[in-house]
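Work through the exercises below with the structure open beside you. Try each task before you read its solution.

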Amino acid sequence: MSDAMIEIHGLRKRFGKQQVLDGVDLTVPTGSIFGFLGLNGAGKTTTISILLGLMKANEGTCSVAGVDPEKDPVEVRRRIGYMAENQTMYGWMRVQEIIDWCGGFYPTWDTGFAMDLCRQMGLSADAKVGTLSKGQSSKLALILALAHRPKLVILDDPVLGLDPLARRDFLRDVIGQLQARDVTVFFSSHLLYEIEPICDYVAILHQGKIVACDTVDALRERVRCVELHTPDAAALRNVPTLLDVRVEGNRTLATVADYGIAKDALTRLGANGSFDDGLNLDEIFEAYVAGRKEVAA
Amino acid sequence: MSIRLSASSAVPIYRQIVDQVSQQIASGRLKPGDRLPSVREMARALPANQNTVLKAYEMLERDGLIERRHGDGTFIAEGGSPLRLSERRRRIADALTQAVVLARHYRLSDDEVRRALDEQLTHFPKATQE
């Protein structure tokens, strides 16, 4: 097996006239915690559905845990753990019952392990699923995704709708239970600042393409905001890797995707380096998905 | 041991961990010989990626602030900062820049800034070594 847990090449998906995925390429290294970011409606869930074999792409290839989900969707779902956005579960079942019931679908199901996880995460085996809080339900969904001991876990917006404490709790469980077990975690979210500390890698999906994919540290290192003296629109257009230009009063701020490559061009435009600034992940995301490269006249 | 991460900061997470551990050593909250949580414990507590915590610990170890004893754990190192004098000066200059920028915004006089600095210097007792 290669050292990539997920490989996606040239993935395209159209719904009617809408081209949702327009050539997605992505490699998720084995053992990494990988944050898949994008605005609402960017195509995160569509991508995940294709990875799970729940939906067919119009073009492109995927390999998930060594399996092609289009050819063998059952085998893919057997190999990975999956937690859906707003997952619904039978409210009348007890925690123990739903664990046993789900176990029927997986030959490698480990009920003892699931019960251990319940204890560690503070879930009572007797509790009725319908009476669990949203945070507890997310924990249960995570346990159900893990109990067959998959090497890859795909979580679709797992912290959506959780309060801040439950989100923190959940992310702790992801770190404590998954990273320690050397499981690859691929998860989508749009709550950047919360997932940033736990990710090794992030990819940003925008307008059907991956516009950035890197380690969090490398992204913070290369994406920079620089102050220029002259808002020379024509010259700015030639700055390599330009993402965004803003004029604020008599300052012109240019954000570039790769400071190392753009530095010389920026220096020629009067950047003196004194205000070159690192950005947080929110600002980096914003530059990629909402950046404007033209100076307003 | 309390570390608080601010993910909205432009300061990378590993840097925040390094800065806060260094600060707590400087202020005496962490003392030589004190045990730090393992990478795993720290990662879970924050929560932060284990690789990020590991990177922070490696930087702290390289700077001589902590030492990892095999099979025993991670401890605050004995002795002062082994950082080059130039590096120590650079870090202090960075911190002072922020204070001076604020002072200019708030239109504080240079004398007021100097007084404030003197006050801070008397607040923190000098380290016993050096």
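**Exercise 1. Describe the pairing of strand β1 of chain A with β4(A), then place both in their sheet.**

Step 1. Strand β1 of chain A covers residues 4-15 and is joined to β4(A) by five bridges. The two strands run antiparallel. Strands here are DSSP runs of E with at least two residues, helices are runs of H or I with at least four residues, and both are numbered from the N terminus. Two strands count as paired if DSSP finds at least two bridges between them.

Step 2. Pick one bridge: A:I6 has A:V64 as its partner in β4(A).

Step 3. Now widen the view. The order β2-β1-β4 (chain A) makes an open sheet of three strands, with antiparallel pairing. Its edge strands are β2 (18-29) and β4 (59-64) of chain A, each pairing on one side only. From one strand to the next, the twist averages 15 degrees.

A note on the model. It is predicted; local features need pLDDT of at least 70, side-chain atom pairs count only at pLDDT 80 or more, and totals for chains, interfaces and linings use all residues. Residues are numbered from 1 along each chain as its sequence is written, while chains are lettered from A and ligands numbered from 1 in the order in which they are written.

**Exercise 2. Trace the six-stranded sheet of chain A and find the helices that pack on it.**

Step 1. Six strands form this open sheet, in the order β5-β6-β7-β3-β8-β9 (chain A), with mixed pairing.

Step 2. β5 and β9 of chain A stand at the edges; each has a single partner strand, so one side of each lacks a neighbour in the sheet. Neighbouring strands are turned by 15 degrees against each other on average, direction ignored.

Step 3. Six bridges pair β8(A) with β9(A) in the antiparallel sense. There, A:Y201 stands opposite A:T215 in β9(A).

Step 4. Helix α5(A) packs on the sheet and touches β5 and β6 of chain A. Its direction makes about 160 degrees with that of β5(A). Such angles run from 0 to 180 degrees between N-to-C directions; the axes are lines fitted to C-alpha atoms, for helices over the stretch in contact.

Step 5. Helix α11 (residues 281-290) of chain A lies across β3 (33-38), β8 and β9 of chain A. It runs at about 30 degrees to β8(A).

**Exercise 3. Why is helix α5 of chain A described as largely enclosed?**

Step 1. Check its length. α5 of chain A spans residues 134-146, 13 residues in total. From first C-alpha to last it reaches 18 Å, close to the 18 Å expected at 1.5 Å a residue. The expected span is 1.5 Å times one less than the number of residues.

Step 2. Count burial. Ten of the 13 residues of α5(A) are buried, so the helix is largely enclosed by the rest of the structure. Buried means 20 or more other C-beta atoms within 10 Å of the residue's own, with C-beta atoms placed from the backbone; 12 or fewer means exposed, and in between is partly exposed.

Step 3. Find the neighbours. The buried residues, among them A:L140 and A:L144, pack against β5 (80-83), α3 (95-103), α4 (111-120), β6 (152-156) and α6 of chain A.

**Exercise 4. Place A:Q179: is the residue buried or exposed, and what does it contact?**

Step 1. A:Q179 lies in helix α6 (residues 164-179) of chain A.

Step 2. It is buried, because 23 other C-beta atoms lie within 10 Å.

Step 3. Leaving aside neighbours within four places in sequence, A:Q179 contacts A:I33, B:A43 and B:Q50. Contact means that C-beta atoms, placed from the backbone, lie within 7 Å.

**Exercise 5. Describe the contact between chain B and chain A.**

Step 1. The contact takes 17 residues from chain B and 22 residues from chain A.

Step 2. On the chain B side, α2 (39-45) and α3 (50-62) of chain B give two or more residues each.

Step 3. That side divides into nine nonpolar, six polar and two charged residues. Ala, Val, Leu, Ile, Met, Phe, Trp, Tyr, Cys and Pro count as nonpolar; Asp, Glu, Lys and Arg as charged; the others, Gly among them, as polar.

Note on methods:
Two residues are in contact if their C-beta atoms, placed from the backbone, lie within 7 Å.
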